[in-house]
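Please look through the sequence and the model shown here. The report that follows goes through some of the details.

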Amino acid sequence: MKKSRGRKPTKHGTLGQNPVLTPLAAAIFAAVYPMGSALAQQADDPEEDAAIEQIVVTGSRIKHDTFSSAAPMQVVETEAAAVRGISDLATLLQTTTVAAGSPQVTPAISAVNVVNGGLGTSTLSLRGLGANRTLVLLNGRRAGPSGVQGSVSAFDLNTIPLSAIERVEILKDGASSIYGSDAIAGVVNIITRQDDGGELNAFYSQPGQSGGEQLRVNGSWGKTIDRGYFRITGDYSHQEILQRGDRDVFACNEYYIFDQQTGERADLIDPRTNEYLCDDLPWGHVWVYDYAPDVGDGTTNVGPPVYLLQYDRDGALVGNGLSPLATSNNPNWMVAPAGWIPVGLGDPLSDSLVDSEPAIQDLTTLVPEADVATIFLEGHYDLTDNTEAYGEVLLSRRETTNVGWRQVWTYIYNYDSADIGFPSDPFSAGWTGAQWISPLTLTDHSGQRVTVDYQRFVAGLRGEMQSVLPDWNWELSFQYSNSDGEYEDDQILTDALEMPYWRTGSCAGEFSPVSNRPCVDIQWLDPDFLAGDIPQEVKDFWFDTDIGKTEYKQWSVEGFISGDVMDLPAGPVGLALGLHYQDDEILDTPGPVTLAGNAWGASSAGITAGEDTTKAIFAEVQVPLISDVKLVQQLDFSGSVRYTDVDSYGSDTTYKVGLNWGITDEFRVRSTFGTSFRTPALYELYLARQTSFPLSARRSDICINWGDSLADGTITQATADNCAADGLPPDFLFTVAPTVVTGGGQGVLKAETSDAFTAGIVWQPSFAELSVSIDYFDIEVLDEVDVIGALNIVTGCYTSQFFPDEPLCDLFDRSPGGIGVIPGSITEIRDSYINVSRQHNRGLDIQLQYTTDLSFGTLIIDSQQTLQYEDTVGLFDNTEEDHAGEAGHPDWVGNLNFTLMNGPWSFFWGITYIGETDNTASFGTSTAGWYNDTEVNLDLKAESRVYNSLSVSREFERGYMARFGVANALDEEPPRLSSYTTGAELSVLGQAAFYSQYDWYGRRYFLELSKSF
């Protein structure tokens, strides 16, 4: 176990809002706030006793002569990360139970999905309420947001390394009246080191399988001088890329379905491999849109209106029983050159032979490669006996790389379209009939590289007012942060790709209208080209790199005074008064390709620019009501109020009250109730119009094949009636996918408001070194700002009892039809930021810590458990859905840790539990239609996961220490879930549930070496 890092007392006591705990303070803290890490031994130094007589902890501006508080809080020490093989702050905090019960933004999540802050971002969402509603402080002061692209609003935990941190205090109830907006879900206060001496440290983690290696090296040195203190920390970390092909569970997307009679797997078997079919994105096909039934004699040899032809590269298609297109003298029938075979005909054999898992997918990112370099400086200096100046400088650079692949397609005519009357494509020789076709190739030109430079500067004064108000303290601080990000995207130029759409001749000598590149006659129907062998001249025509820049600036000034105003029989009344001023500014300028709307298959966006100013005054009071009577050892009341005025919104007042009732020395009851509000973030207000790449029509339109859906029971009669009333036939299909448009809600959005209630008990028996706390929490957020999703907009329209007057119906458009477009296809969905109804989260936190001396050492047992009873989200009134117990929202998460210390040796065993989830009720069924009108069973239940971490450490003479361990010792993979028909319900990558609670790396071994001096 590391030696404790206690701060030496100053001549005027422990100044500052968040001084580092001495060993004795840590022990007392453990009794009041059971921690998730091993704690230092108690000390009996009277100087240390004096130094902790009064201290300010997170959640209050008033110094206390006790460590009791009405608010529930968890303290996490960095030692908890070291013994579990965790090398970064984000992972440490995201695995605490207050966070692990809900989805978190991790680098892996950001590599697969679009997240606020961009690629590589790591943020913290307490109680599942979102990173925007979790306030992050650094030494008690706000830490400005960091990231790239327009949606930046939260602090990126990558910017501060563990080597600079002493501990983290997590306040687990709302605290807007203390700290202002964004503290709806709670407050995370990162406390940096202030111990004397230096340390050099190296950490390396090696998974049992290649990919995902981690390296971190750092050095830190602190020194107390005659009138002050300073510390400098330098840290570098490297995360090696983890690719999908590095782990079998992510490499192949399987249906994972089961026969209802036998219970055996019912997945299609690919006869080329005799393995379950890998079904992800099809590649290398020619999609055929057939109009033969509408002309001539009305017959066709193709089949459904949308049809796939696949090139039989190795004879496996014909060899396994598939047949070429039927031939006829009918000129409207589809004719293709030899080797092109129909697949995906709706029968098990042809569907099992569809190419839909390209080899390049194995190279794509699961966890992105990242390099982070950080320098952190802090110090303070006594200007006088009662006044101290302090400052902090944080400089960080993060470089993150993502590797991807994408489909690329075009639309062309057959060489001869016969009776349909289409023009002829001279490059489509051998392709004839009353059809038009869409060849599809693939490319790995789909990566992204992000660089974020983050700077944060703090300067302040603090002291005591002995000559004016004895025993009163004051503080004035200035904070400035600047996130300067650059994002480089591999792009395909829209004008170049679409220039030959529906071509009728050569484009030689022409230039693309936006990028001004010489046009290339692309041999779209060449099988090698469709397999991804793209000539360099085509790459030069199509490909570009786009560079955008994002800058987010925040500066603030805050001042307060605190002290005792009067003495009551039960003790002194404490009061704090303060003011706060803050200015935020964002400027996101996408690259020129994006600004021109010329990025094919990617979001287009304009410049996001906005500024907001916040002014606030606040007051806090601590009143001891009763003490030293029967059943009331101490009863304290705490209260706070804050008036806030925001330029973009207006003003509001929030408050918080709490009672802390010490019944005896061993038993205490506590409770808080508070209100909070959050004004919309800058990107929620000012995000420029962004258009995403067209969404899959099948995943956005509930009216597709609504006749079959009604028969299957997947939609109601009322929904079917509404689809019919909109002029859509029961067998309505599609040929285009809608574009989703997102933007800010300036002038429309109002602030979120919330109520938070907590009630708990703390038991500290005198017969043992034991602390137990149980806290109930209930947080409700009203008028939550969010985008509700394209699917919810369309579905909400057609399921509404107010159709067609439902406001959601005005947020999308259907086409009257046209070339290649079936009338009624949704063309655009406007999914901008709006206020939705509410989110409600309630549950129970249980914490325990027990220490005992045994004959073979000192044993420390600590545990945290969170039970989630409700996690309700209501997009609109009467549309609430409770996600507690569903994928990403397990209703039980917990940690149980054992630490045994014997002299220089320390042994650790940590157990992390992620409860099972079940989406059956939400999905509405556990079966799906299969071939020949049969049904198969789906697995919508994610089994619980238990992760074990083991480590042993040894301290040596002259300050050397070595630690070796294994994380995920039993090599637990993420649970498996069905992907067949569940895409709108579950996040499945490969064969695994893709949620932040689960471990992607597998078993990994770690080694840490350090030298203290």
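Ser604 has Thr691 in S32 as its bridge partner. The strands involved, S27 and S32 (residues 690-691), pair in the antiparallel sense over 2 bridges. Strands here are DSSP runs of E with at least two residues, helices are runs of H or I with at least four residues, and both are numbered from the N terminus. Two strands pair if DSSP finds at least two bridges between them.

This is a predicted model, in which local features need pLDDT of at least 70, side-chain atom pairs count only at pLDDT 80 or more, and totals for chains, interfaces and linings use all residues. Residues are numbered from 1 along each chain as its sequence is written, and side-chain values use heavy atoms, with hydrogens and water left out.

**Sheets**

S27 and S32 belong to an open sheet of 5 strands with mixed pairing, in the order S27-S32-S33-S37-S36. Strand S27 (604-605) and strand S36 (812-814) stand at its edges with a single partner strand each, so one side of each has no neighbour in the sheet.

Another open sheet, also mixed, has 5 strands in the order S1-S4-S5-S2-S3. Its edges are strand S1 (73-77) and strand S3 (141-142); each has a single partner strand, so one side of each is left without a neighbour in the sheet. Strand S4 (residues 165-171) and strand S5 (residues 186-192) run antiparallel and are joined by 6 bridges. Arg167 has Ile191 in S5 as its bridge partner.

**Backbone exceptions**

Most residues other than glycine have a negative phi, and most peptide bonds are trans. Asp628 is not a glycine, yet has a positive phi of about 55°. Asp628 lies in strand S28 (residues 608-629). Asn932, also not a glycine, has a positive phi of about 55°, and is placed in the loop between strand S44 (927-929) and strand S45 (935-938).

Asp628 counts as exposed because its relative accessible area is 66%, and Asn932 counts as exposed because its relative accessibility is 72%. Here exposed means over 50% relative accessible area, buried under 20%, and partly exposed in between (1.4 Å probe, protein chains only).

The peptide bond from Phe803 to Pro804 is cis, with omega near 5°. Pro804 lies in the loop between helix H18 (790-799) and S36.

**Charged side chains**

The structure holds 48 salt bridges. A salt bridge is a side-chain nitrogen of Lys or Arg within 4 Å of a carboxyl oxygen of Asp or Glu. The table gives examples.

| Acid | Base | N to O distance |
|---|---|---|
| Glu79 | Arg963 | 3.0 Å |
| Asp267 | Arg265 | 3.0 Å |
| Asp999 | Arg1004 | 2.7 Å |

Glu79 in helix H3 (residues 79-82) and Arg963 in strand S48 (residues 960-967) are 884 residues apart, and their pair links distant parts of the chain. Glu79 and Arg963 are both buried, and Asp999 and Arg1004 are both buried. Asp267 counts as buried because its relative accessibility is 6%. A network of salt bridges links Arg133, Arg678, Glu684, Glu752 and Glu784.

Which residues form a negative surface patch? They are Asp708, Asp712, Asp731 and Glu935. Patches are made of residues with over 30% relative accessible area and no salt bridge, with like charges joined within 9 Å and nonpolar side chains (Val, Leu, Ile, Met, Phe, Trp, Tyr) within 5 Å. Asp712 is in helix H16 (residues 706-712), and counts as exposed because its relative accessibility is 59%.

Conventions. Areas by Shrake-Rupley, 256 points an atom, 1.4 Å probe, with all protein chains shown as cover. Lys, Arg positive; Asp, Glu negative; His and termini not counted. Charge placed at Lys NZ, Arg CZ, Asp CG, Glu CD.
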